[in-house]
Amino acid sequence: MTGAPMTGPNTWTIAAARDALRRGDITAVDLTMACLTAMDAGDGLNAYVHKTPELALDQARAADARRGPDAPDLNGIPLGIKDLFCTKGVPSQAASNILRGFRPEYESTVTAKLFGAGAVMLGKLNMDEFAMGSSNESSCYGPAVNPWKVDERLLTPGGSSGGSAAAVAADLCLAATGTDTGGSIRQPAAFTGIVGMKPTYGRVSRWGIVAFASSLDQAGPMTKTVRDAAIMLGAMAGHDAKDSTSANMAVPDFEAALTGDIRGRRIGIPREYRIDGIPAEIAALWGNGTAMLKNAGAEIVDISLPHTKYALPAYYVIAPAEASSNLARYDGVRYGHRAKLALGDGITEMYEKTRAEGFGKEVQRRVMVGTYVLSAGFYDAYYNRARRVRALIKRDFERAFADGIDAILTPATPSPAFGLGEMANADPVEMYLNDVFTVTVNLAGLPGIAVPVGLDAKGLPLGLQLIGRPWDEAGLLNHAYVLERAAGFVSKPQKWW
Amino acid sequence: MSIDTDTARKVAKLARIRVEEADLPALAAELSGILTFMEQLNEVDVTGIEPMTSVTPMRLARRADVVTDGDMQAQILANAPDAREGFFAVPKVVE
């Protein structure tokens, strides 16, 4: 290994590593070894929850054998994989005790595509249990820790894809997979100063990803740069007959779309996102980002998305409703944990004890909320009303796009990363407010991307979100690329772990 | 909407999650808080708006109704907490 510790190959971008591998400047095995070393030195961040070094080295050797000008972009690229993805023979627990010991007999479509493109898996990454949370604190493994640290406090990397965000920000991998149901890629990306993208619903197959809320879940890349997000999304996306909501559409060359030219594009600034109590630093950051896009030649347009305020309550009806149905499968019969039964216990006691022991508090809460809103007598008042409001939220965006808006710029989060444990006594609804800028995108099925744009006064990263037209990830990435270059965010967390 | 202890007990039962009797009042209070938050939705005029059923306007794909896989009993049972003689095993369900 050459170079100073902070410039080792584990700190490289996918694009830089791809080019170095193609030139023969480094082997996939050496690149993987550098990441495995960083991974082992990063245990204090609790980002990796199941390490797979032997598999990684096998995959790296195969990538070296395949190396050449025609090898795919991800050939030999070491990645971390969120624990929500089923990976054959490797523990896949969704950070839940109810899936303790579960080793899938199959590979998720996304990981199969990544491995088919030559990617290397370093291990599985921490997350909130069943992707329900915004701080990684609902994980059965304990929380992942944000590598950004400005005082004695340990900060959350956000959630649910907190382990993915921490691992990418701390250079414990080149990039990672995440999933996003209400902001679970974009919020942790913003909290850790990296790029995180949720594609259009249907762009990436959900097959083999542990389901939370099936009409909202999408997997996406979490990377060090926008270019890397473009490269990685290209390998993750595509039609899959095994996911009935997967879109049968061609996958464009996302990297080729990064022209850096957004002259004449119309950027919407939604007035409803100026919420009360937003920190002045985030409001200022939003203004700066708007100026950056304007300076790049875009036209800035004030727009209205009138139902924004109702997105969070609609989300917290729909997501738990779908979760209560999806999580009914954890019954102690086919896989995972089964409670020890007392003499005389029947099958009902087996279900009830197994689910009480296996699900954490937040998951239990959401399953019960979902059960309630779907129960006879309340289905119309809560669930159907929420789905009607969802239709209105989607219509708000459709009208903005019909008026010629190309992309929408908003803050990514209402605050910088907060301290682990700080929300322990908060009302559950307070934690849900983390998603205020991101849930609308999931409800409307749109692509969204978080881009690091600056630091707050304490030195913590802050991000902005760009929202794109459905299926226009290419255009969205190009806008994000312009924002990234103008912001020139190069800060990295100081190594303390 | 305020959830009482009886409703909380019923919801836990429907969700097949065991909740100790002593924990029901706290659960009821939590659920009430969340449902109060959701009641903002009542402010929205949804007259004539159909509930959203599909995220993207697409027709679900169909395929021929034929067997496409099978013969993987060992794989299907591999993760079972209790599998015997080629079956999932559960406590007795019929007297």
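## Helix packing, sheet and interface in a predicted two-chain model

Helix H11(A) packs against helix H1 (residues 5-14) of chain B at an angle of about 100°, and their axes lie 9 Å apart. H11(A) is therefore roughly perpendicular to H1(B), since angles of 65 to 115 degrees count that way. Please keep in mind that this is a predicted model.

Which residues make this crossing? From H11(A) come Met368(A), Thr371(A) and Tyr372(A), and they meet Val11(B), Ala12(B) and Leu14(B) of H1(B). By class, this contact has five nonpolar residues, one polar residue and no charged residues.

Let us widen the view to the whole interface. Here 55 residues of chain A are in contact with 37 residues of chain B. On the chain A side, the elements giving two or more residues are helices H9 (311-326), H10 (347-358), H11 (361-374), H12 (379-402) and H13 (428-432). H12(A) gives the most, with eleven residues. By class, this side of chain A has 28 nonpolar, twelve polar and 15 charged residues.

Now to the sheet of chain A. It is an open sheet of eleven strands with mixed pairing, in the order S1-S3-S2-S4-S6-S5-S10-S11-S9-S7-S8. Strands S1 and S8 of chain A are the edges, each pairing on one side only. On average, neighbouring strands are turned by 30° against each other, direction ignored. Within the sheet, S5(A) and S10(A) pair in the antiparallel sense over three bridges, and Lys198(A) has Gly448(A) in S10(A) as its bridge partner. Helix H2 (residues 28-41) of chain A packs on the sheet, where H2(A) touches S1, S2 and S3 of chain A and its direction makes about 20° with that of S3(A).

Here are some strands of chain A with their residue ranges:

| Strand | Residues |
|---|---|
| S1(A) | 48-51 |
| S2(A) | 78-82 |
| S3(A) | 120-125 |
| S5(A) | 195-198 |
| S8(A) | 299-303 |
| S10(A) | 448-455 |

Strand S3(A) holds Met121(A). Is Met121(A) buried or exposed? Met121(A) is buried, because 24 other C-beta atoms lie within 10 Å and 20 or more are enough. Leaving aside residues up to four places away in sequence, Met121(A) touches Thr52(A), Leu55(A), Ala56(A), Gln59(A), Leu79(A), Ile81(A) and Thr87(A). The C-alpha atom of Met121(A) is separated by 20 Å from that of Gly238(A), which is 117 residues away along the chain.

Gly238(A) follows helix H7(A) and has a positive phi, near 130°. H7 (residues 226-236) of chain A is mostly covered, with eleven of its eleven residues buried. Among them are Arg227(A), Asp228(A), Ile231(A) and Leu233(A).

Terms used: Residues numbered from 1 in each chain as written. Chains lettered and ligands numbered in written order. Predicted model: local features only at pLDDT ≥ 70, side-chain atom pairs only at ≥ 80, totals over all residues. Helix = DSSP H or I, 4+ residues; strand = E, 2+ residues; numbered from the N terminus. Buried ≥ 20, exposed ≤ 12 C-beta atoms within 10 Å, placed from the backbone. Contact = placed C-beta atoms within 7 Å. Nonpolar A, V, L, I, M, F, W, Y, C, P; charged D, E, K, R; others polar. Axes fitted to C-alpha atoms, helices over the stretch in contact; angles between N-to-C directions. Parallel < 35°, antiparallel > 145°, perpendicular 65-115°, else oblique. Pairing = 2+ DSSP bridges.
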